[in-house]
Amino acid sequence: IYETMAEAGQEISGEVLREVELKIDIRSATILVIPKSDEIQDKNMPRNLHNAAELFLRVGMVDAAENVKRNVADLLDIYSANPDGKSNFHVGRGVVCWACGHCGIPKGGANQKGNNIKDDLHKITPGPCNKCGETEQVNWLKVTQPVDATNTKKEELPWIETPPLSEEEMKKKKEAQLLAKRKEVEEQVKRALEERERKNL
C-alpha cells in the first residue's frame, strides 16, 4: 500500500544538501483536495493528498511532504482502530496548508462553517491552518471511502484527530522524555565502565 518516492536536494559545490526517501501511503489518494472557485479549471491543482505530497517533493518542500505523510498516517490509524465516538478526538473537516503541509482541522475547531458535510465548500473560505496560521494558501479536504466493490460510489467521512496536548501535558511529556534519556545515558556509561574494568582484569 505504499509508493516509494525519492527526492534529492540541490547540489551546491558538489555537495547534496538533502536526500530523502519518503514512503507515501497511496490511500492518501482517497483524501480529496477541494479546489476554490478560481482553481477548478487549474490542471496543475493537486486533486488529492497523494498528489499534494508529490508536489511538495517535486519543489523541494520535504518537511511539508513529511507533514502530509504524518497527518494522513495519524488519520488512517484512528480509522483502522474503529473509533467508538466516545474517545477524546476532534472531529470535523480537514484542510491542507500549502505553506507548511499540515493537514487537519483548521484553527477554530469543529464549530466553524465548513465542518457540516452539507456545507457548500465553494462558498466557505477554508482555514486558517492550525499549525502555521496561513489563511490564503489553504484548501478544504474531503475524506472518502468506497461504498461498494466497484469503487464508483464513495461516502464522505469526517476528519478525526487527537487533540493537541495542554501545556501541563506537554511539560509532563518532556519531563518523561528527559528522564528516559537520562536513564539511557546512565546505562551506557555503566556498560562502558564495566567493559573497561573487564579489560583491565
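Let's start at a pocket: in this predicted model, α2 and β9 (138-146) each put at least two residues into the lining of the second largest pocket. The bigger share comes from β9, which gives the most to that lining, with four residues. If you want to pick out the whole wall, look for Arg27, Thr30, Ile31, Leu76, Tyr79, Ser80, Val143, Thr144, Gln145, Pro146 and Leu157. By type, this lining splits into six nonpolar, four polar and one charged, and the pocket's volume comes to about 200 Å³.

Now follow α2 (62-80) over to the largest pocket, where this helix and β11 (159-161) each supply at least two lining residues. Here α2 gives the most, with six residues. The volume of the largest pocket is about 520 Å³. Its lining has 17 residues, and the ones closest to the centre are Asn71, Asp74, His102, Glu161 and Thr162. Sorted by type, the lining of the largest pocket holds eight nonpolar, five polar and four charged residues.

Next, step back along the chain to α1. Seven of the ten residues in this helix (residues 49-58) are buried, so α1 is largely enclosed by the rest of the structure. Buried here means under 20% relative accessible area, and the residues that qualify in α1 are Leu49, His50, Ala52, Ala53, Glu54, Phe56 and Leu57.

Both ends of α1 are worth a look. At the N-terminal end, Asn48 acts as a cap, with a side-chain oxygen 3.0 Å from the backbone nitrogen of His50. Just after the helix, Gly60 adopts a positive phi of about 85 degrees.

Notes:
Residues are numbered from 1 along each chain as its sequence is written. This is a predicted model: local features need pLDDT of at least 70, side-chain atom pairs count only at pLDDT 80 or more; totals for chains, interfaces and linings use all residues. Side-chain values use heavy atoms; hydrogens and water are left out. Buried means under 20% relative accessible area, exposed over 50%, partly exposed in between (1.4 Å probe, protein chains only). A polar contact is a pair of N or O atoms within 3.5 Å; within protein, one must be able to donate a hydrogen and the other to accept it, and residues adjacent in sequence count only if both atoms are side-chain atoms. On a 1 Å grid over the protein atoms alone, a cavity is a set of points where a 1.4 Å probe fits but cannot get out, and a pocket is an open set with protein on both sides within 12 Å along at least five of seven lines; lining residues have an atom within 4 Å of a point. Grid points are joined across faces, edges and corners, and a volume is the space filled by probe spheres set on the points. Ala, Val, Leu, Ile, Met, Phe, Trp, Tyr, Cys and Pro count as nonpolar, Asp, Glu, Lys and Arg as charged, and the others, Gly among them, as polar.
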